[in-house]
Amino acid sequence: MTYVVTDACIRCKYMDCVEVCPVDCFYEGENMLVIHPDECIDCGVCEPECPAEAIKPDTEPGLEKWLELNNEYAGKWPNITIKREPPADADDWQGVSGKFEEHFSPEPGEGD
């Protein structure tokens, strides 16, 4: 089992999860984070820290797409271990549906 970041993170990118991860398995895209499934130790400390409720265990049904996306972009984006400020409009995007289709960016973030 591993944890995955879903589209609820897109345009929110709060980064509270990064601060608590004991193995630094988060990677930063332009407008969301992902978890490297081979680095995640399944501790679960990140899940309750996410204000957008974007982090889920991959054992939940229907998350195969997100496991693949997390794996792919963890190999392309820079590692992030330090929490920074979320986007100024992050709260406006919390709970918005359909964000992946309209707002996902494959571009990397800043990382550490």
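## A cysteine to start with

Let's begin with C17, which has a relative accessibility of 6% and therefore counts as buried. Keep in mind that you're looking at a predicted model. Does C17 have a partner, and if so, which cysteine sulfur is nearest to C17? C17 is in no disulfide, and the nearest cysteine sulfur belongs to C50, 6.2 Å away.

C46 tells a similar kind of story. With a relative accessibility of 7%, C46 counts as buried. The closest cysteine sulfur to that of C46 is in C40, 6.2 Å away, which is too far for a bond. A disulfide needs the two sulfur atoms within 2.5 Å. So how many disulfides does the count come to? Zero.

## The overall layout

Now step back and look at the whole chain. The protein has four helices and four strands, and along the sequence they come in the pattern β-α-β-β-β-α-α-α. The C-alpha trace spans about 30 × 30 × 25 Å along its principal axes.

For 112 residues, a compact globule would have a radius of gyration near 13 Å, and the 12 Å of this protein agrees with that. Of the 112 residues, 45% count as buried. Contacts also reach a long way along the chain: take those between residues at least 6 apart in sequence, and 78% of them join residues at least 24 apart.

## A salt-bridge network around E28

Side chains of opposite charge can pair when their charged atoms come close. In this protein the count comes to six salt bridges. One of them joins K13 to E28, with the closest N and O atoms 2.7 Å apart. This pair links distant parts of the chain: K13 sits in the loop between β1 (3–5) and α1 (16–20), E28 is in strand β2 (residues 26–28), and 15 residues separate them. Are K13 and E28 buried or exposed? Both are buried.

E28 also has a salt bridge with R84, at 2.5 Å from N to O. E28 is in strand β2 while R84 is in the loop between α2 and α3, so this pair ties together parts that are 56 residues apart in sequence. The two ends sit in different surroundings: E28 has a relative accessible area of 1%, so it is buried, whereas R84, at 23%, is partly exposed. Put the two bridges together and you get K13, E28 and R84 linked in a network.

## The aromatic cluster

A pair of aromatic rings is described by the distance of the centres and the angle of the planes. The count here comes to five aromatic pairs. One of them is W66 with F100, an edge-to-face pair with 5.4 Å between the centres and 85° between the planes. W66 is in helix α2 and F100 in helix α4 (residues 99–103), so the pair ties together parts 34 residues apart in sequence. W66 has a relative accessibility of 8% and so counts as buried, while F100, at 21%, counts as partly exposed.

F100 also pairs with F104: their ring centres are 4.9 Å apart and their planes are at 35°, so this pair is tilted. F104 has a relative accessible area of 18%, so it is buried. Zoom out a little and ring pairs link W66, Y73, W77, F100 and F104 into a cluster.

## K76, with two partners

K76 lies over the face of Y73, at 5.0 Å from the ring centre. K76 also meets the side chain of E72 in a salt bridge, 2.8 Å from N to O. At 51% relative accessibility, K76 counts as exposed, and E72, with a relative accessible area of 38%, is partly exposed.

## A stop at P78

Where does P78 lie? P78 is in the loop between α2 (64–74) and α3 (90–93). Its relative accessibility is 25%, so P78 counts as partly exposed.

Which residues is P78 in contact with, leaving aside neighbours within four places in sequence? They are F26, Y27, E28, P108, G109, E110 and G111. You've already met E28 as a member of the salt-bridge network. As for F100, P78 is 22 residues from it in sequence and 20 Å from it in space, C-alpha to C-alpha.

Conventions:
Residues numbered from 1 in each chain as written. Predicted model: local features only at pLDDT ≥ 70, side-chain atom pairs only at ≥ 80, totals over all residues. Heavy atoms only, no water. Helix = DSSP H or I, 4+ residues; strand = E, 2+ residues; numbered from the N terminus. Buried < 20%, exposed > 50% of the residue type's maximum accessible area, 1.4 Å probe, protein only. Contact = heavy atoms within 4.5 Å. Salt bridge = Lys/Arg side-chain N within 4 Å of Asp/Glu carboxyl O. Phe/Tyr/Trp six-rings, centres within 6.5 Å; stacked < 30°, edge-to-face > 60°. Lys NZ or Arg CZ within 6 Å of the ring centre and 35° of its normal. Rg over C-alpha atoms; globule rule 2.2 N^0.38 Å.
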